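I opened the model to look up a few local features. My notes follow in the order I made them.

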Amino acid sequence: MTSPVWHPYAHLKTQSPAPKVVGGDGPRFTLDTGESLLDATCSWWCMIHGYRHPRLVEAIQRQADALCHVMLGGLTHEPADRLARELVRVTPTGLNHVFFSDSGSVGMEVAMKMAVQYHHLRGKPAKHRMLTLMKAYHGDTAGCMAVCDPEEGMHSLFAGFLPQHHFAPAPTAGFEAGKDEVQADLDALRAVLEAHHEEIGALLMEPLLQAAGGLNMTSPHYLRGARKLCDEFDVLLVFDEVATGFGRTGKMFAADHADVTPDIMVLSKGLTGGYLGHAATLATDRVHDAFIGDSELHAFMHGPTFMGNPLACRVALESLAVFEEDDYLGRIQALNTVLREELMDDAALRAHPDVSDVRVLGATAVIEVHDAEALKGVADFARSRGVWLRPFGRWLYTMPAYITSGDELRRITGAMKRWFFERKTAS
């Protein structure tokens, strides 16, 4: 019997039957066929502790026995209060206020509304447009689609439905680029701000790693320059750390590489270790205090039903504790070393005629090809070798769970590399 589940990003006429997952343990999940697959993507980049981590499972079970959910409107509870304090502690200095929601896309919607209302309350209602970068991806809700790359992104079908915002060129200088090398990128950003700053309320940015837009990796110097430009033009700086937060770039947050504090930061995915959907939008005193006033307009009009869900808050607290107690930043550095040795330093891979570029940052690696056709069939090829890979477009990537061992990661990178050298003989 055909399943009634409507799968995401799937062509209904040509999609293959989805493998059925029946369990998971560590960096692997198990299919009903008995196959055990190394998850090279940790379930869209969120299962940072892997599957069935005993401490996270127990945290959910204990919280469920006490309180599964209660509205945060007019009420509060200890897991939400404590998680907010912990997030203020670990995020860049100055992000002192936490607004919870239930997904990364909604967290970004909160950030955009917060920025627009902030400027309205300051007597600048014309600053109601966003500025974002080409190659950006911020989510699939309507507001987020409007600030994703309008040309190479996946939402061009909805162009006539979406509000119009401003875009700056994607940075071209890589992560290792120096201050002088990013100047051209910052000049391009300045040009857009100079022309439109009177209606731009916020600059939205995936710091250092533009994930779903093609895993574009940029320099910390770009973040520093963007911070200065935002201050100059009275524009809020919003960091979308949904994918980059909690260690993915090698530090706790991508902002930490540049020692920059954005005005607003959005977190999700790794926030709960991937075990439950949840998000947090953090703001500085500057943003928060603009909402203190006597008129009805000073209330921030947003309130997702499941914001601050006790189960999600409790498992997020446990996830953060495990991250810090088990030295995950050290683990990520070890993964980075393997990724560089196995992919970046492989001259034959880099010279392959199908390969355009190989990039590594933190616990992220990508092999970019010239033509997406070169990756057709790679998922089945990897599955036959015990690895779950899910490429998109021209990008074959891995974002493994942080508990992945060196040998397990080499099995993942081995499958990625062998695709380019063995697929013709395997077919």
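**Entry 1: strand S11 and its partners**

Which way do Ile264, Val266, Met265 and Leu267 point from strand S11 (residues 264-267), and are they buried or exposed? I found Ile264 and Val266 pointing one way and Met265 and Leu267 the other way, with all of them buried. Buried here means under 20% relative accessible area, exposed means over 50%, and partly exposed lies in between (1.4 Å probe, protein chains only). Helices (H or I, at least four residues) and strands (E, at least two) are DSSP runs, numbered from the N terminus.

I note the ground rules: residues are numbered from 1 along each chain as its sequence is written, and side-chain values use heavy atoms, with hydrogens and water left out. This is a predicted model, where local features need pLDDT of at least 70 and side-chain atom pairs count only at pLDDT 80 or more, while totals for chains, interfaces and linings use all residues.

Next I checked the strands beside S11. Strand S10 (residues 236-240) runs parallel to S11 and is joined to S11 by three bridges. Two strands count as paired if DSSP finds at least two bridges between them. Asp240 has Val266 in S11 as its bridge partner. Strand S12 (residues 279-284) pairs with S11 in the antiparallel sense, over four bridges. There, Met265 is matched with Leu282 in S12.

**Entry 2: Gly270**

I followed the chain into the loop between S11 and S12, where Gly270 lies. Gly270 has a relative accessible area of 4%, so the residue is buried. Which residues is Gly270 in contact with, leaving aside its neighbours within four places in sequence? I listed Cys46, Ile48, Phe246 and Ser319. Contact means heavy atoms within 4.5 Å. I also looked up Gly245: Gly270 and Gly245 are 25 residues apart in sequence and 6.9 Å apart in space, C-alpha to C-alpha.

**Entry 3: the annotated binding site**

I turned to the UniProt record. Its "binding site" annotation, from an unreviewed entry, covers Gly104, Ser105, Asp240, Pro304 and Thr305. UniProt positions are in the numbering used here, feature names are shortened, and annotations may be inferred rather than shown by experiment.

I looked at two of these positions. Gly104 sits in helix H4 (residues 104-121). Its relative accessibility is 12%, so Gly104 counts as buried. Beyond its neighbours within four places in sequence, Gly104 is in contact with Val242, Val266, Ser268 and Ala279. Thr305 is in the loop between helix H9 (285-289) and helix H10 (310-325). Thr305 counts as exposed because its relative accessibility is 57%.

**Entry 4: the four-strand sheet**

What is the strand order in the open sheet of four strands? I read S1-S2-S3-S15, with mixed pairing. S1 and strand S15 (387-388) stand at the edges with a single partner strand each, so one side of each has no neighbour in the sheet.

I went through the pairs in turn. Strand S1 (residues 21-25) and S2 run antiparallel, joined by four bridges. Gly24 has Phe29 in S2 as its bridge partner. The two strands form a hairpin with two residues between them, and Gly26 in the turn has a positive phi of about 60°. S2 and strand S3 (residues 36-39) also run antiparallel, with three bridges. Arg28 is matched with Leu38 in S3. This hairpin has four residues between its strands, and Gly34 in the turn has a positive phi of about 95°. S3 and S15 pair in the parallel sense over two bridges. Leu38 has Val387 in S15 as its bridge partner.

I also checked the side chains of S2 (residues 28-31), which alternate. Phe29 and Leu31 point to one face and are buried, whereas Arg28 and Thr30 point to the other and are not.

**Entry 5: helix packing**

I looked up H2 against H10. The axes of helix H2 (residues 54-66) and H10 come within 9 Å and cross at roughly 150°. Axes are lines fitted to C-alpha atoms, for helices over the stretch in contact, and angles run from 0 to 180 degrees between N-to-C directions. H2 and H10 are therefore roughly antiparallel. Angles under 35 degrees count as roughly parallel, over 145 as roughly antiparallel, 65 to 115 as roughly perpendicular and the rest as oblique. Among the residues that meet, I noted Leu56 and Ile60 in H2, and Leu311 and Val315 in H10.
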